[in-house]
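Trainee: I am new to this structure. Please take me through the terms used to describe it.

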Amino acid sequence: MTFGQYLEKCIKKRDISISHLTKISGINRGKLYYVYDGKRKLTEDELFSLINKAGFSSVESDKRF
């Protein structure tokens with residue numbers, strides 16, 4: 001499983017839309033789609049912003065993808 005697939009699974013599990021995720025994280029919608037496709041990576045700051053602002057638990061964020 002790629003990180004993009006893992007991220008998509010986590011936000012679907014929480015029923016978060018991409019629009020909402022971009023608003024709370026400050027990450028561009030296009031970039032998130034590229035992350036899903038494995039064409040781009042998130043910076044460390046962007047990753048922690050997603051974890052913290054989307055409400056992912058430390059267990060979810062610590063799992064290997």
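Mentor: The protein averages a pLDDT of 80, and 86% of the residues score at least 70; pLDDT is the predictor's confidence in each residue, from 0 to 100. This is a predicted model, where local features need pLDDT of at least 70, side-chain atom pairs count only at pLDDT 80 or more, and totals for chains, interfaces and linings use all residues. Residues are numbered from 1 along each chain as its sequence is written, and side-chain values use heavy atoms, leaving out hydrogens and water.

Trainee: Which helix has the lowest mean pLDDT, and which element the highest?

Mentor: Helix α5 (residues 58-62) has the lowest, 48, and α3 the highest, 88. Where pLDDT is low, the predicted coordinates should not be read in detail.

Trainee: Which residues of helix α1 (residues 3-13) are called buried?

Mentor: G4, Y6, L7, C10 and I11. Buried means under 20% relative accessible area, exposed over 50%, partly exposed in between (1.4 Å probe, protein chains only).

Trainee: Why are they said to line one face of the helix?

Mentor: Seen down the axis of α1, they fall within an arc of 160°, so they line one face. The arc is that of the directions from the helix axis to the C-beta atoms. The face turned away from the buried side carries exposed K9, K12 and K13.

Trainee: What makes N28 a cap of α3?

Mentor: A side-chain oxygen of N28 lies 2.6 Å from the backbone nitrogen of G30, at the N-terminal end of α3. A polar contact is a pair of N or O atoms within 3.5 Å; within protein, one must be able to donate a hydrogen and the other to accept it, and residues adjacent in sequence count only if both atoms are side-chain atoms.

Conventions. Helix = DSSP H or I, 4+ residues; strand = E, 2+ residues; numbered from the N terminus.
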